[in-house]
Amino acid sequence: MQSQPETLGLWGIAVALAGGAMRGSIPYMFVSLGECLTEKSGKINLGMEVILLMGAVTAFGVSDVTGSPWLGVLAAALVGMTLGALHAWLTQQPSVNDVAAGIAMIIFGSGLAFFFGKRFVAPMAPQLPLIDLGSWSSAGAIRSALRISPLFFIGIALAFALHWIFTRTSWGLKVRAAGDDPQAARALGINVNRVRFIAITIGGALAAIGGAHLTLYFPGIWSEGISGGQGLMAVALVIFAQWSPRRCLAAALLFGGAQALGPSLQSLGVNGYYHLFNASPYLLTLGVMIATCTPHRRLAGMPGALGRK
Amino acid sequence: MKRGEAILVPLGAMIAGLLVFGLFCAALGLNPLAVYASIYKAGFGSWYSWQNTLVRASPLLLCGLCTAIPARAGMIVIGNEGAVVAGGLGAATVGLATLSLPPVLSLTIMALSAMVCGGIWIAFGAALQHYRGVSAVISGLLLNYLAVALMNQLIEGPLRDPSSFNSPASYPLTPDHRLAYFAGTHIHHGLIFGAVACVLAWFLIDRTTFGFAMKIAGGNVRAARLAGLPVGRLVVIAGFLGGACAGLAGMIEVAAVHGRANESLNAGYGYSGILVAFLARQNPLVIVLVSLLTGGLLASGGVLQREHDLPDATIAVLQGILFLFILLSDTLYGRLPFFRSRTPEPKPHAIAA
């Protein structure tokens, strides 16, 4: 592994980074698309981090027990739906706000994930099959860098599908109406609570699929720190992406790349500040938030009634 | 709000939470009553277990304040864990640098350093929310990750004790530079810090103009601005005070419990502190009571593992369930029939009729 960048030169590093960005972007992609759908309906789900975690542990367990990684993905999605539905139900109670419900879900969900995670001592669960993008190349390093999980392509398709749903379907219009002005939406006869419930539930399912990637892709092991704040960063990323599914895709790739930076530098022999380099995605997120947020005017693309009943 | 309601609703929520936790245990094939009994025995059953509970309650008191004080100024702080770690690192660094000074002086400097580090940690998030509109919840959690990264960098780098092989740790403090224990117990003096901080916080919030100004800023920003209050400064100071408490919790963990900075700083007291503050409805005096209860729960983790073969995350599940019920109980205020006011409500149409 150490000699790869030297033998391939800068081109090799670029391919390794691109491959790393594609791999690393998958959790960001699914969570940010799920959060995008949730927030478009006017609700915030801060608990995406634990939905990611629960998705990861569920996918690991189911894949390990049944031997089928795709069943693991499905089970993760179902668990994500359940948690999303719980969040939706909580936030629709009078005098419960989205942020407090999110905090409650974070504490509840992480406890649950750690509880069930303790039982999975198997070193590795069956993993998802990979797609070879680098078969054109004779260099082994490039081929291994470009072995991409099918979830990557599903995520891309999903982003465009979500964009199409928002702009071209009546349900998408209902979601946007519920998020921009629930009063007006109710006046038009839209069942705002039901639309939001469905949006948050599907959003949870998407986020959990992102979690499934964490345990069903190399090295395919479960640990309590496996999500490492990616769900949280993906929530922040939606602001940066201005609530547009296609921009979420681009932002996810950017964050995936930032995440690949630490390990890439380490493979070049720069490992003096290992922990600080690994913290670069958090710094990047914080920087992006500081740059994009503003207390005075409304943010570009923000649903009008975000976080309100 | 009626006083009876303010006590009964959270109490009811806790009981409901415990019942659901019992169902969870039953679903795992355990006898819920036996699990409750173990928790009670490990947390409150004997003087020995009370000591364990009190040791855990000390950081909880301070971590609860970290959420409760800024909450009065309208800021939801959940970056407690990061502030604990930052405070612990500040204390350890300064403590190791002042080993040549008299212990009392060194410990004082450690406490101050921890409070400044924790305070800045939370005040930064509060300032970001107020001046830049960055959600304090998101920035707080991000800062938690950054604090842990900083800690790992320090305890595996410049502060590392070469004799700590498996789990990296900083150099230890000398025994005389550690916080003392109450005679004949294993309860350290950090408990005093926590209790005094709660009383001070209550005094600040309920008995001073600063506390009153904070409450106005937290209740209605526009009204506070019209009254000429410096809302931004109030929010940032409230954040600093809260963070200073959590930082102090980090200091007592370093100076009393572990004697050095290591990964135990990141043991979850910050997250439990959020639960404590919400259970106490952000009231500093109630935090004392709730910290004891929560401390008892945390103390029972090991016993649950030994007696019922439950993983230590079981207590985290219980905390999560309690949090959900506390949140849900908010919807009950003013809706319980026996707390409705006895005097009939004035009828708006009486005059027209």
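A salt bridge here is a side-chain nitrogen of Lys or Arg within 4 Å of a carboxyl oxygen of Asp or Glu. In this predicted model, K118(A) and D312(B) make such a pair, with their closest N and O atoms 2.8 Å apart. That's the whole tally of salt bridges between chain B and chain A: one. Polar contacts between the two chains come to seven residue pairs, counting those with both partners at pLDDT 80 or more.

On the chain B side, four helices each put at least two residues against chain A: α5 (103-132), α6 (136-156), α11 (269-279) and α14 (314-329). Helix α6(B) has the largest share, chipping in 13 residues. Sorted by type, the residues of chain B that touch chain A break down into 29 nonpolar, 10 polar and six charged.

As for the interface as a whole, 45 residues of chain B meet 47 residues of chain A. Together the two chains bury about 3,700 Å², and carbon and sulfur atoms account for 82% of that.

One residue of helix α6 of chain B, N152(B), can be picked out for a closer look. Setting aside neighbours within four places in sequence, N152(B) touches H275(A) across the interface, plus G157(B) and E263(B) in its own chain. N152(B) has a relative accessibility of 12%; the cut-off for buried is under 20%, so N152(B) counts as buried.

Key. Residues are numbered from 1 along each chain as its sequence is written. Chains are lettered from A and ligands numbered from 1 in the order in which they are written. This is a predicted model: local features need pLDDT of at least 70, side-chain atom pairs count only at pLDDT 80 or more; totals for chains, interfaces and linings use all residues. Side-chain values use heavy atoms; hydrogens and water are left out. Contact means heavy atoms within 4.5 Å. Buried area is the accessible area (1.4 Å probe) that two parts lose on being put together, summed over both. A polar contact is a pair of N or O atoms within 3.5 Å; within protein, one must be able to donate a hydrogen and the other to accept it, and residues adjacent in sequence count only if both atoms are side-chain atoms. Ala, Val, Leu, Ile, Met, Phe, Trp, Tyr, Cys and Pro count as nonpolar, Asp, Glu, Lys and Arg as charged, and the others, Gly among them, as polar. Buried means under 20% relative accessible area, exposed over 50%, partly exposed in between (1.4 Å probe, protein chains only).
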